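Student: Could you walk me through this fold, from the overall layout down to individual side chains? I'd like to see the reasoning as we go.

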Amino acid sequence: MSDVLSTAAILSAPRIDISGRVVDVGPQSFRVSGLSPFVRLGDCISCTGEHRHELGEVVRIDTDSLTVKPYGTRSTQGVGSRAIKVGPFAIAPHTSWRGRVLDAFGQPQDDKGPVEQGLARRPVDSPPLPALQRARALEPVPTGVSVVDIFTPLVKGQRIGIFAGSGVGKSTLMGMLSQSKGFDTVVVALVGERGREVREFLEEVMAGELTKVVTIVATGDESPMMRRLAPRTATAVAEHFRDEGDDVLLIVDSVTRYAHAARDVALSAGEPPVSRGYPPSVFSELPQLLERAGTGRDGSGTITGIYAVLVDGDDHNDPIADAIRGTLDGHIVLDRAIAEQGRFPAVDYLKSISRLADKAYQGSERELVTRLRAMTSRFEDTRDLRLLGGYQRGSDQTLDQAVDLVPHIYEFLAQRPGEAAPAKPFDALSAALKRALAPQPAK
């Protein structure tokens, strides 16, 4: 009986906070003593000092102290401030979050009042589903963007990257893809964007679709911790709707800025740079984030991930771009030269690939796409030769056909934001090419 009373007393006793003290403050981080045996990497620490309350994350643990990087732009704590262990950061998504604009903490950034909290809290760093517990990705999903549906078709649960330099149109293409009718919920993470671009993206690019969109925003002026947290928060929100049975479209613009933020955090923790300034942990964090998207368990929903990848200096072999390309299920490459010609979306479909295209193609569509790619390659490879006058019609039948048809393919694939694509893009393209080959009536 005494044992039972003792247990009941323990369970009903007030909770005791585990706390330490700030012993050193730097511009981007501070150190706390007294908590090292009780915390793990990724735990949140709450500090209450003379100035104001502050939340940070443990990024390094030493024997006698730990390094905490605050979520604010710089630390405001003083030496001696009390630091309390909070634990891993978690959110409680709710169905009513559709149509809302939130920060990386899940707090409202619009003028629609507070957000309702769900019944269950979900850590923002949930591990990916085990490989053998995932359903297979088999169901094609039309995006409404002709060049994507023909050359890099998607299936529900696929993860694909849009690789481009700055100003080539990746945000516009992502907005066009978000208009697809094949998804129940859209979750958008705007990471490191300019402040003025947020409203433009929501009111122009996403116009008319906001009722099913959850937007997580961390602009470029926010701290690396907030920019690193935003994609993880967005992925946790997408996982919530997936587990509710929704087919979710997750858009992250851009995952490169997430890698930049992760680099800043890792360097603050004392990691050495190993590849163009990136510490090793950045390359382990990327697959941990990207693998969380995809199919769920049998009977649940899916997360189709579209990730913008900003290639530095248009170098598509940049270490971050290369690591992301190797993790995803395909890549769409935007080319600055195509954009300069005024062809939008500026997709270079010769360099783009969908690793799940075979699940989306029907009948002879795969054969047709292979022939179109070969024809376009021949057309582009001989561009300089033709400009120099080294091409004579009739000497190469394959090249003659490429010269006749490829400009019409380019014209067919051009599409403005808001412009509806054909319901059956392969049939529409075939009809356009037949018209191009038809003999013209004599005048």
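What follows is a set of questions and answers on the fold, the charged pairs and the cysteines.

Tutor: Before we start, this is a predicted model, so local features need pLDDT of at least 70 and side-chain atom pairs count only at pLDDT 80 or more, while totals for chains, interfaces and linings use all residues. Residues are numbered from 1 along each chain as its sequence is written, and side-chain values use heavy atoms, with hydrogens and water left out.

Student: How many helices and strands does the protein have?

Tutor: Elements here are DSSP runs numbered from the N terminus: helices are H or I with at least four residues, strands are E with at least two. Counted that way, the protein has 14 helices and 19 strands.

Student: In what order do the six strands close into a barrel?

Tutor: Two strands pair if DSSP finds at least two bridges between them. The barrel pairing is antiparallel, and strand 3 (residues 43–48) with strand 4 (residues 53–61) shows it through five bridges. The barrel order is 1-2-5-4-3-6.

Student: What does the twist average from one strand to the next?

Tutor: Axes are lines fitted to C-alpha atoms, and angles run from 0 to 180 degrees between N-to-C directions. On that scale, the average from one strand to the next is 45 degrees.

Student: Which residue in strand 4 stands opposite Ile45?

Tutor: Strands 3 and 4 run antiparallel, joined by five bridges. Opposite Ile45 stands Gly56.

Student: How many salt bridges does a search of the whole structure find?

Tutor: Side chains of opposite charge can pair when their charged atoms come close. The cut-off is a side-chain nitrogen of Lys or Arg within 4 Å of a carboxyl oxygen of Asp or Glu. The search finds 24.

Student: How far apart in the chain are Asp247 and Lys156?

Tutor: Asp247 forms a salt bridge with Lys156, with the closest N and O atoms 3.1 Å apart. Asp247 sits in strand 15 and Lys156 in the loop between strand 11 and strand 12, so by DSSP numbering from the N terminus these are separate elements. The separation is 91 residues.

Student: Is Arg159 buried or exposed?

Tutor: Arg159 pairs with Glu291 in a salt bridge, the closest N and O atoms being 3.5 Å apart. Arg159 lies in strand 12 and Glu291 in the loop between helix 7 and strand 16, so the pair ties together parts 132 residues apart in sequence. Buried means under 20% relative accessible area, exposed over 50% and partly exposed in between, with a 1.4 Å probe and protein chains only. At 30% Glu291 is partly exposed, while at 7% Arg159 counts as buried.

Student: And Lys351, buried or exposed?

Tutor: Lys351 forms a salt bridge with Asp348, the closest N and O atoms being 4.0 Å apart. Asp348 is buried at 11%. Lys351, at 51%, counts as exposed.

Student: Why is there no bond between the sulfurs of Cys44 and Cys47?

Tutor: A disulfide is a pair of cysteine sulfur atoms within 2.5 Å. Cys44 is buried at 2%, and Cys47 is buried at 0%. The closest cysteine sulfur to that of Cys44 is in Cys47, too far for a bond because the distance is 11 Å.

Student: What share of the 443 residues is buried?

Tutor: The C-alpha trace spans about 100 × 45 × 40 Å along its principal axes. Buried residues make up 51%.
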